[in-house]
Amino acid sequence: MNLLQQFLDGFVRVQGWLLDHVVQPPLLALGLGSYLEVAFDGVEFFLYGVLQLSVAYLLLRPLEALRPVEQWTDRKAVRVDVLYTFLDRLGIIPLAVFALLSPVFLGLEGWLRFHDIIPPQIEDLLPSLEAYPLVSFFIYLLILDFAEYWRHRLSHTLRWWWALHVIHHSQRQMSLWTDSRNHLLDDLIGGAWFAIIALCIGVPPGHFVGLMVAVRIVENLAHVNARISFGRWGEQMLVSPRYHRWHHAVDLPPGRAYRLGCNFAILFPIWDRLFGTQYLGEGMPATGVRSPELASPAHADRFWVQQKDGLLGFGKALRAALSPRRLP
Amino acid sequence: MPSSLRRMLRQLASLAGLLCTLAVQAAPPLAIALNSADGTISLIDMAAYKTIGKAVACKEPHHLMPSPDDKSVIVACSASNQLVFFDPLTGKEQRRIRNISDPYQLGFSPDGKWFVSNSLRLDRVDLYNAADFKLRARLHAPRTPSHMAFDANSKFVFITLQDSNEVMAIDLKTMKKAWVMPVGPTPAGIVMTPDNRYLLVAIMGEGYVEVIDWKTQQTVKKVPTDTAAHNLHPRGDGRYYFVSNRSVGGGSISLLDTKTMAVVEKYDVPGGPDDMEVRADGKELWATARFARRVQVVDLTTKTLKASIPVGSSPHGVFFLDHAPRK
């Protein structure tokens, strides 16, 4: 038996044990047996999360120790990011987002389909792709990354959205854990964005779970506290820690193009290059935002304070946007 | 072209055809397993109990079924909105039909006129002409229409509604809902008994088979099988049905006697047995172990697991030509 098969068998055994002993009994007891298949996928997502976190930690933590950009004596502020990461990667936040959004988007998709509206897929336009799922995987990856670029850019452009997204940027001790540090409402909006894109390209969001897990290792790498760049050419191909660090810089690069931020790309920097938001800076700038409230110790390491601050800022920005403007 | 040359070409063509036939006949008997999470089919050498190849199917295929003439295996591609036809002898793709919206579970009516497709995710049942796959009617079926069965005269198709704990009957003449009746929690597999009297419904939530007199819409019996009773498949003798109990750890398959409506045998089949197929000689039962990435083969003589064949992720359907009659 080859190594891959042994790994798969071991993985499936653990997955089966968890489903059999932890998930299946309450589901059947509550009359939710039809969710067993979803639960099985959920357990798989959880295990992939554990695996992905282990790989990220084992690969990236040594890099942070060997080539740190910043040395921190007090890592308290990092710990809250670890909490965000576990909630996100192990499926707790994604499950909540799925439970909230699923009825809405299933209803919408059901209505569209009932009226014979089937969004065309890539393979409908290029049938030869049916035989090359890897190529079609890469095309979907490009489409989703393009959509993510615009979601991210909009979250810096719209004030109400920035009030939520700023929680991600308020971290001054940016590390491999920072990627998942997001306001819960920001996660929900991100989930809705993703579901809309999936609806437009005609593929259910669940289809992309494997793809998202793979992408997230790159996202962990992008936030790592280590002096790593991919060089000028490499940084045109894939987002590097240096490239993304400039996105998190306290002081944005000069120029009108960067007034709301730079380097919004998640995976492929090509989008920044195409839409004029790319900044290929030297050095490793300090990260965070210039806000006395968000830089305060009370905000720095407390999950619920961050959630509250985000909501308050969101409400304020929304009220300002909705109130009639005064004439000068 | 001179007639001698034409004759020679004809003979060459016949020879080539004969060689192809011999090559196919010499090939090992093939089983096809559908891997839902991988979007592939696994090709299994039935003599060696070994996967010998894989072929790309589509995005999120769920369930496969043979065409009425057994010349194709039809895969329901729910996320690709397609039906993909494979040659059961070689595993090669034959054709694709697009714009079949979200097919999950498929069925042909016994009279060969209707092709029915359930969309489990989007709460819908679609009725097509079996001859040309033209959509005839589309019905709301809340919630989660799962498996289906037909009556012997092709007047009705019966659908289990997994999340609303019901069975829905659709009148194929009017193409409208005829009735809906409540059943046990989380109904899944459904079949009609060979005498056309009872519907057998696997009740996953409580692990039994519910026997329904469909003409009066009354439940006449509940036959306990095992945890997570999920699907039913005929042994081929017009009397016995296998019931897969799709629990992960303690998974099993029960044998139900439809004359006495009692379980007469049970086999341990780990990994969440789901869809099944029986060898024509009645000696082997093959089942996809949904949660174990395997196809399990039960020796029906010794009543033990004979082989466990690694396939892809979330196997959801198995078929081979050398199968027992569907009765």
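## A walk through chains A and B

Start by selecting helix α2 of chain A, residues 36-66. Its 31 residues reach 44 Å from the first C-alpha to the last, close to the 45 Å expected at 1.5 Å a residue. Bear in mind as you go that this is a predicted model. Now click on A:Tyr57: a kink of about 25 degrees in α2(A) is centred there. To see which parts of α2(A) are buried, colour A:Leu36, A:Phe40, A:Val43, A:Glu44, A:Phe45, A:Tyr48, A:Gly49, A:Leu53, A:Ala56 and A:Leu60.

**Next stop: α4 of chain A**

Select residues 92-114 of chain A, which make up helix α4. The end C-alpha atoms of α4(A) are 32 Å apart, which agrees with the 33 Å that 23 residues should span at 1.5 Å a residue. Where does α4(A) bend? Go to A:Leu101, where the bend is about 40 degrees; a proline, A:Pro103, follows within four residues. Just past the helix, pick A:Asp116, which has a positive phi, near 65 degrees.

Which residues of α4(A) are buried? Show A:Pro94, A:Val97, A:Glu109 and A:Arg113. Their cover includes α8 of chain A together with β10 (124-129) of chain B, so keep both chains on screen.

**Add α8 of chain A**

Bring in residues 184-201 of chain A, helix α8. Two packed helices are described by the angle between their axes and the distance between the axes. Here the axes of α4(A) and α8(A) come within 10 Å and cross at roughly 40 degrees, and the crossing is right-handed. For the contact itself, show A:Ile93, A:Val97, A:Leu100, A:Leu101, A:Phe105, A:Leu108 and A:Glu109 on the α4(A) side. Facing them from α8(A) are A:Leu184, A:Asp187, A:Leu188, A:Gly191, A:Ala192, A:Ala195 and A:Leu199. Colour this contact by residue type and you get 11 nonpolar, 1 polar and 2 charged. Two of the names should look familiar: A:Val97 and A:Glu109 belong to the contact and are also on the buried list for α4(A).

**A histidine in α7**

Jump to A:His169, found in helix α7 (residues 159-169) of chain A. Is A:His169 buried or exposed? It counts as buried because it has 23 C-beta neighbours inside 10 Å, and the cut-off for buried is 20 or more. Leaving aside residues up to four places away in sequence, A:His169 touches A:His248 and A:Val289. Try a distance label to A:Ala249 too: that residue is 80 residues away in sequence, yet 8.9 Å away in space, C-alpha to C-alpha.

**Over to chain B**

Now show where the chains meet: 33 residues of chain B are in contact with 27 residues of chain A. On the chain B side, those residues divide into 11 nonpolar, 12 polar and 10 charged.

Three loops of chain B round off the tour.

- Between β4 (61-66) and β5 (73-77), select B:Asp70. It is not a glycine, but its phi is positive, about 65 degrees. B:Asp70 is exposed, with 11 other C-beta atoms within 10 Å.
- Between β11 (135-140) and β12 (145-150) you will find B:Arg143. The peptide bond joining B:Pro142 and B:Arg143 is cis, with omega about -5 degrees.
- Between β14 (166-171) and β15 (176-182) sits B:Met175, another residue other than glycine with a positive phi, near 60 degrees. B:Met175 is partly exposed, with 13 other C-beta atoms within 10 Å.

Methods. Residues numbered from 1 in each chain as written. Chains lettered and ligands numbered in written order. Predicted model: local features only at pLDDT ≥ 70, side-chain atom pairs only at ≥ 80, totals over all residues. Axes fitted to C-alpha atoms, helices over the stretch in contact; angles between N-to-C directions. Left-handed = near helix turned anticlockwise from the far one by under 90°. Contact = placed C-beta atoms within 7 Å. Nonpolar A, V, L, I, M, F, W, Y, C, P; charged D, E, K, R; others polar. Expected span 1.5 Å × (residues − 1). Bend = angle between axes of the 7 residues up to and from the residue. Buried ≥ 20, exposed ≤ 12 C-beta atoms within 10 Å, placed from the backbone.
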